[in-house]
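Q: Could you walk me through one small part of this model in detail, and then set it among its surroundings? I would like one connected account rather than a list.
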Amino acid sequence: MSNSELACVYAALILHDDGVDITADNISTIVKAAGVEVESYWPVLFARLAEKKNLDDLITNVGAGGGVVVAGGAGGAGAAAGGDDGAAAAEEPEEEEEDEDMGFSLFD
């Protein structure tokens with residue numbers, strides 16, 4: 001991530017924390033006050049993001065992976081189709097055991 005992006009992220013977080021509207025002008029003002037030079041499109045991009053997304057949700061879901069949601073959805077689809085989820089769960093540990101039987105490990 002470039003310094004321009006980070007400066008805009010921090011500016012947007014400051015504005016959000018203070019309860020001020022997150023606009024391109026407000027982001028630019030904070031970035032200039034910090035002495036960081038950014039291209040003119042960065043504040044506009046972050047202001048548009050703030051209009052479309054709830055920053056509280058973005059902040060609280062940092063690091064939440066999409067893989068968990070996909071795995072949960074796939075299990076639900078199998079159950080709805082009448083499939084046996086127990087058989088699928090039993091196959092997964094076998095794959096892990098095969099990895100362990102390769103004759104070497106990370107810590108040897």
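Let us start with a single residue: where is the place of I22?

A: Happy to take a close look with you. Please keep in mind that this is a predicted model. I22 lies in the loop that joins α1 to α2. Its relative accessible area is 16%, and since anything under 20% counts as buried, I22 is a buried residue. Setting aside residues up to four places away in sequence, I22 touches A12, L15, H16, I27, A47, A50 and L55. P43 gives a sense of distance: I22 and P43 are 21 residues apart in sequence, and their C-alpha atoms are 9.4 Å apart in space.

Now to the helix before the loop. α1 runs over residues 3-18, which is 16 residues, and spans 22 Å from its first C-alpha to its last, close to the 22 Å expected at 1.5 Å a residue. Its buried residues are S4, A7, C8, A11, A12 and L15. They share the same side of α1 because they cover an arc of only 130° around the axis. N3, Y10 and D17 are exposed on the other side of α1. The cover over the buried residues of α1 includes α2 (24-33), α3 (41-52) and α4 (55-60). Two of the residues that I22 touches, A12 and L15, are thus also on the buried list of α1. Just after α1 comes G19, with a positive phi of about 75°.

On the far end of the loop is α2, where A24, I27 and V31 are buried. Viewed down the axis of α2, these buried residues fall within an arc of 65°, so they line one face of the helix. The face turned away from that buried side carries the exposed residues D25, T29, K32 and A33. As for partners, the buried residues of α2 pack against α1 and α3. After α2 comes G35, again with a positive phi, near 80°.

How do the helices around the loop meet? α1 and α2 pack at an angle of about 115°, and their axes are 9 Å apart. The two helices are therefore roughly perpendicular to each other, and their crossing is right-handed. In this contact, A7, C8, A11, A12, I14 and L15 of α1 meet N26, I27, I30 and V31 of α2.

I27 also takes part in the next pairing, where A24, I27 and S28 of α2 meet P43, V44, F46 and A47 of α3. Here the angle is about 130° and the axes are 8 Å apart. That angle makes α2 oblique to α3. This crossing, too, is right-handed. I27 and A47, both named in this pairing, are also among the residues that I22 touches.

Finally, the wider setting. The chain has six helices and zero strands, which reads along the sequence as α-α-α-α-α-α. Of its 108 residues, 15% are buried, and I22 is buried too. Of the contacts between residues at least 6 apart in sequence, 47% join residues at least 24 apart.

Technical notes. Residues numbered from 1 in each chain as written. Predicted model: local features only at pLDDT ≥ 70, side-chain atom pairs only at ≥ 80, totals over all residues. Heavy atoms only, no water. Helix = DSSP H or I, 4+ residues; strand = E, 2+ residues; numbered from the N terminus. Expected span 1.5 Å × (residues − 1). Buried < 20%, exposed > 50% of the residue type's maximum accessible area, 1.4 Å probe, protein only. Arc of directions from axis to C-beta. Contact = heavy atoms within 4.5 Å. Axes fitted to C-alpha atoms, helices over the stretch in contact; angles between N-to-C directions. Parallel < 35°, antiparallel > 145°, perpendicular 65-115°, else oblique. Left-handed = near helix turned anticlockwise from the far one by under 90°.
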